[in-house]
Amino acid sequence: MMSKKKLTVQEVLENAPKSWPLKVAITLFFIIILMIANNYISYNGLTDTGVRVARNILRSIFSPNMDYLFNFSSRSAVPFLLLETTAIAFLGTIIGTVISIPIAFLSSRNIVPKWMASIGVSIIVVIRTFPAVVYGLMFIRVTGPGAFTGVLTLSVASIGMIAKLFIEVIEDLDPGIIEALDASGCNTIQKIQYGIIPQLLSNFASTAIYRFEINVKYATILGMVGAGGIGAPLIFAINAFRWSDVGALLIGLILLVLVIEAVSTKIRSKLATGE
Amino acid sequence: MIQFKDVTKTYPNGVSALRGITLDIEQGDFVAIIGLSGAGKSTLLRTINQMIKISTGTLLVNDIDVTSLKGKKLRRFRRDIGMVFQSFNLIKRTTVIKNVLAARVADMPFYKSMLGLYSKKDRMIALEALDKVGILEKTYTRADQLSGGQQQRVALARTLAQEPQIILADEPVASLDPVTSHQVMSDFVKVNKDLNITVIANMHHVDIALKYARRVIGIKEGLIVFDGPSSDINEDILTEIYGRQLSEDELMGEE
Amino acid sequence: MEKVKQLFRPKPIVLSNGKQVQPKLNPMYYILPILVFITVYSMNITRFSFATLIARGEQFWIIVSRMIPPNFAYFSNVVNPLIATLMMSVVGTLVGVILALPMAYASSTTMNQSNVFRGITKAISSVLRTLPVLVLALIFRIIFGPGTFAGTVAIALFTFTIMTKMFFELIDTADLGPFEALLSSGANRIQAFWAAIMPQLWGQYYSLALYNFEMNIRNAAILGYVGAGGIGIILNERLAWRVYPDVGMILLVLMVTVLIIENISRTIRKKLL
């Protein structure tokens, strides 16, 4: 018969697992990183104009240039710029989505052989590593500055995220439904129409809308490098210290993003619950 | 000593959970509260440590007026009262010892509790508590790897680590199987006897309540309809408390 | 909307036993035309031109071909800006996620019961979150002068706004049982939050922080365009001078760095969850 030795509190205390090596290692790691960072980041104080600028920007939001903000007829006033930005984002998303569909199918392991899927995924990964601005700067050399370039840039830049998410949805397809349709005698087109598309459509749409939200912000950034929309006027106004214009532009931007976020969230939740 | 003087509790939605409770509980008592679901057991228990505020009446715990407690005083007061829950309320992904040490947090300065700097005394208290409920060997195990009964004992150890004078137990064994329930209830009895801690337990299962508690309080529709030794309980009294025959659900069964 | 739907409602189908079934209007009938309309309208606004695309399209591939092979000799110029970019990301992400924690606590419905206070913090968060990172970088560059400090602050603020949202949504999903237990033992709400809620969430917190770090490397890379430090400065400069082999080198280094970090991050994140 085995006799069980009763544990004493003292023994347990002494045999406590040591957690400090990991904690020390992580702390050291961060200390080293911060020491390196110190060489690359230094606080040079505020510029002469620094504080004034900060205050002006904040104040500008509360006293924007009303004509600029509410001038609905001019192409260079805020409302049109917002419209242009939205249009760039919209087209970029649509084109990006359309291009992503075949790319995603050709990169899904349940559709094409594994080697082909790997190549496709690799290409998508490469496309994704570059920030949109990089594509923007390149496309400007191709089609010049302007909204059109913004559209092309976003189309390409969106592929990365959209294709990746599409692949996830495709690989999640329920083969059972297709099997059932097969068993009832459907041909390939019918299988695609009634078996695959319904499963995919709402997910694809949700992804596209999500990307559209993001693209509106990117369209603004791309504008700053010259690809149309509200970005360029914003950068000019800030650099020229035209504060009331800056205020108008910022208010326009904030409202635009908030509205699109709200609408997008609403639509996507409706999609998720089965409209 | 806990003194209820004509205590009532009406919720904002109009429900009268307690309709005039007068009750004295001495230090060291082992009390089981029985009654239908919704009769007011949970509410009664939670008024003692002000998790629920009473509407009218007086509630004194060791001569302290519970309703007057706020902020720091309230938290100091709660340190002396432990609470055990039906669903254990352990932090699942953390080890047993860390769960028990969490009881010491209330007494620690802010920065120490943020950084997890428990003193040696804290650790000793935690380990002694685990030893008291007989689960010392699981000290460094993750809480979700334990069985239900073991988890409840850890929860009990957690309250013991507070070094409380009173332990409130809200249906502590309702989620456990019969064998484990008897083990856990024995732990409560042990704690009550050895440490002279007042134990007040809401019990769903009447047979367990009668077996382990010395004193039983029956609640029906917010009023006390029985208060006396468990040996005095008979079928008539039970029918009065429950308004009907006991269902199978309210009996735990043999060990 | 209902009236419009009435106009287009398909005819009810009458079954052989007389029952009527009202088929639902296929949403495609109204969504597709709307989409087409918006597309055409947008093409108009942005002056989308297939002709230009076809005419100038191959320019893109010409540029790409000039980037390959990249100028490996340029590597030594890339190293410092690259490390600067990485440092901006690390410090910015670190500061952002640390500050986001208390802010997320304040924005959480379960933790912060004051509707007013919560509403205010959420409103400020939402507004700040609308500002693209490059706009923030520009503003901070003007305030703090050119260089990595401005970029770091921009990333910190940007990450702060995103992480706050992501994290308070997480807090709201946590199990409140242990929280109640800790309150009943006399802890104050913040102690109870730290000791009972956070242990449930640490893994996901670190995972979100890493995810933000991954995104921030890409963000930091472009901040140089507005003078806020990092690899963006030389990227913009080399592109402006059309020295494409150098650009190719920069992009190559960027790509390799991002891929390595993403892989490490992904491995760690899998272990955390």
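What percentage of the contacts in chain B with a separation of 6 or more is accounted for by residues 24 or more positions apart? In this predicted model, the share is 69%, and the legends below begin with that chain before turning to one of its helices and then to chain C.

**View 1. Chain B as a whole, with its nine helices and ten strands.** The radius of gyration of chain B is 18 Å, close to the 18 Å that the globule rule gives for 255 residues, so chain B is as compact as a globular protein of that length. Taken along the principal axes, the box filled by its C-alpha atoms is roughly 55 × 45 × 35 Å. Of the 255 residues in chain B, 45% are buried.

**View 2. Helix α5 of chain B, residues 120-132, and the elements it packs against.** This helix has 13 residues, which at 1.5 Å a residue should span 18 Å, and the end C-alpha atoms of the helix are indeed 18 Å apart, so the expected and modelled spans agree. The buried residues in α5(B) are Ile125(B), Ala126(B), Leu127(B), Ala129(B) and Leu130(B). An α-helix has 3.6 residues a turn, so residues three or four places apart point the same way. The packing partners of the buried residues of α5(B) come from two chains, namely α1 (9-14) of chain A and, from chain B, α3 (96-101) and α6 (148-160). Just after α5(B), Gly134(B) takes a positive phi of about 70°.

**View 3. The contact between chain C and chain A.** Chain C brings 47 residues to this contact, and chain A brings 49 residues. On the side of chain C that touches chain A, helix α6 (residues 133-144) of chain C gives the most, with seven residues. By residue class, that side of chain C divides into 31 nonpolar, 13 polar and three charged residues.

**View 4. The two domains of chain C.** Domain 1 of chain C covers 2-48, while domain 2 covers 70-272. Between the C-alpha centres of domain 1 of chain C and domain 2 of chain C, the distance is 43 Å.

**View 5. The surroundings of Gln20(C) in strand β2 of chain C.** Strand β2 of chain C, in which Gln20(C) has its place, comprises residues 20-21. Gln20(C) has 9 C-beta neighbours inside 10 Å and therefore counts as exposed, the cut-off for that class being 12 or fewer. When its neighbours within four places in sequence are left aside, Gln20(C) is in contact with Pro12(C) and Val14(C).

Note on methods
Residues are numbered from 1 along each chain as its sequence is written. Chains are lettered from A and ligands numbered from 1 in the order in which they are written. This is a predicted model: local features need pLDDT of at least 70, side-chain atom pairs count only at pLDDT 80 or more; totals for chains, interfaces and linings use all residues. Two residues are in contact if their C-beta atoms, placed from the backbone, lie within 7 Å. Helices (H or I, at least four residues) and strands (E, at least two) are DSSP runs, numbered from the N terminus. Ala, Val, Leu, Ile, Met, Phe, Trp, Tyr, Cys and Pro count as nonpolar, Asp, Glu, Lys and Arg as charged, and the others, Gly among them, as polar. Domain bounds come from an automatic or database domain assignment. The expected span of a helix is 1.5 Å times one less than its number of residues. A residue is buried if 20 or more other C-beta atoms lie within 10 Å of its own, exposed if 12 or fewer, and partly exposed in between; C-beta atoms are placed from the backbone. The radius of gyration is taken over C-alpha atoms; the globule rule is 2.2 Å times the number of residues to the power 0.38.
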